[in-house]
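Let's take a walk through this one together, starting with the overall fold and ending at a few charged side chains. Have a look at the chain before reading on.

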Amino acid sequence: MTFMGVLTETSMNVTFPTLMKQFNISLATVQWVTTGHLLTVALLTITSAFLKRRFTNKQLFISAALLFIAGDVMCGLATSYWLLLIGRIIQAGCVGLSGPLMNNIILDIVPPRKLGTYMGMANLIVLVAPALGPTFGGSVVAFASWRMIFWLTVPFTLILLVLGGFIIKQYSPTQHYEFDWLRFALLAVGLVSLLMGFNILGQPHVLVKFLLYIALSVLMFSLFGWRSKYSHKALFKLAVFKQPVFLFSFLPYVLLQYSNIGINFMLPSYVQMVNGASSFIGGLILLPGSVLNGLGQPLYGWMLDHLGGKVPLYLGNTLFFIPLILFTIFGQQIRIFNIIILYTIFAAGRSMAFGNSMAYGLKKLARNERNDANAIYGTGNMVAGSLGTTIIATLMTSVTLPNFSNAQNIAAGSQVAFGMLALIGVLNFWLFRRLFRSK
């Protein structure tokens, strides 16, 4: 189910130029098909520690499948952009429930000494979807209609719904908990305000509005932190942030996801708008890197279990960093073949460091802290993905030189975005250094 949710999410990135023409909307607006989806997943992931303790695995799985099917039908029938967006938000319930559920089942039954390998297997399943998503979406748009992305996934989801009803088991008892609606609302408003602020940043004369959104976001997060000191209702425990091994594995984890979602959005749009490639080629350029990215996950997990954290994390971040430097230098005009090569190296490095950042942190935490940590990792993952799409879209359209064509302006804006992602690689080296120094 998680695979199906991620497949449709990454398929939609390639359809943006087509959706912009069909619904007569801007790049800043159309990217909310991804941003809104990821934000909704993030809000549901926040609740995953509570849901794990309150409901059975089978109940959560069936709910995920039904939300996916409902979103599929609504998106397939959408007659306007806003109906499409609502359908995508409903469909986000699939990944928001099934993704954390998959990880929590692994944490229930797998001993820490094998956690890297099994988390690698889970990441393999999840990351094959981004490998196929852009190619699947690009092919569907080129040879049929973007609506077929949704209609083609309905039969498979119905099969999974039936299978899950028989296969999914329960490994820990459930209990009745009172949900902390106040803290959830504070966090939700804070996240939405943060994303809304960055979404308008590239538009003219919006500085005051941007600052108001950010101020509201900071206020909501502050109230959430204050309320968390006194609340005994269930959501998730912030105490894990006091553990240095969690903090310094969580930060590079979300930064790597921010970079990944951002560049997966940017490169298909870049080759279509700058190089004049078709939507099919726009999706195809990510396939080799994404396939190697997904298939390498069990090996990367094995490296963590047998070689320790330093080798996969430092090596992965190095492979992540070098292509971004080259993208930055040559960002004005990059040939499609060179994009494929650089992205393949980037994807391998990012994949090696990303999954192992989370697995290393979970290995070092106490068992009773892992469900809460998993909820925070998952929420940070989705929020970072939302910000990645929003900020990258803003940067891509940030250059508006009058003597440049639209393609040249997009290329210049992309070069700025590449440079920002390269700086994240530098920051990650420092964070990993702090991680390995922590007790």
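**A walk through the chain**

Take every contact in the chain between residues at least 6 apart in sequence, and you'll find that 83% of them join residues at least 24 apart. Bear in mind that what you're looking at is a predicted model.

What is the secondary structure made of? The chain has 20 helices and 0 strands. As for overall dimensions, the C-alpha atoms fill a box of roughly 65 × 50 × 45 Å along the principal axes. You can check that against a rule of thumb: a compact globule of 439 residues would have a radius of gyration near 22 Å, and the chain comes in at 21 Å, so the two agree.

Now for the inside and the outside. Buried residues account for 59% of the 439 in the chain. The accessible surface adds up to about 17800 Å², and carbon and sulfur atoms own 70% of that.

On to the charges. The chain carries 28 positive and 8 negative ones, and the mean positions of the two sets sit 7 Å apart. How many salt bridges does the chain have? The count is 3.

Start with Lys52 and Asp108, whose side chains meet in a salt bridge at 2.9 Å, N to O. Lys52 belongs to helix H5 (residues 48-54) and Asp108 to helix H7 (residues 81-109), so this pair ties together parts of the chain that are 56 residues apart in sequence. Are the two partners buried or exposed? Lys52 has a relative accessible area of 4%, under the 20% cut-off, so Lys52 is buried. Asp108, at 22%, is partly exposed, because that value falls between the 20% and 50% limits.

Next, find Asp180 and Arg183, where the N to O distance in the salt bridge is 2.8 Å. Here Asp180 is buried, with 2% relative accessibility, and Arg183 is buried too, at 3%.

That leaves the salt bridge between Asp305 and Lys363, with the closest N and O atoms 2.9 Å apart. This pair links distant parts of the chain: Asp305 lies in helix H16 (residues 297-307) and Lys363 in helix H18 (residues 336-364), 58 residues apart. Why does Asp305 count as buried? Its relative accessibility is 18%, and the cut-off for buried is under 20%, so Asp305 falls on the buried side.

Notes
Residues numbered from 1 in each chain as written. Predicted model: local features only at pLDDT ≥ 70, side-chain atom pairs only at ≥ 80, totals over all residues. Heavy atoms only, no water. Helix = DSSP H or I, 4+ residues; strand = E, 2+ residues; numbered from the N terminus. Rg over C-alpha atoms; globule rule 2.2 N^0.38 Å. Buried < 20%, exposed > 50% of the residue type's maximum accessible area, 1.4 Å probe, protein only. Contact = heavy atoms within 4.5 Å. Areas by Shrake-Rupley, 256 points an atom, 1.4 Å probe, with all protein chains shown as cover. Lys, Arg positive; Asp, Glu negative; His and termini not counted. Charge placed at Lys NZ, Arg CZ, Asp CG, Glu CD. Salt bridge = Lys/Arg side-chain N within 4 Å of Asp/Glu carboxyl O.
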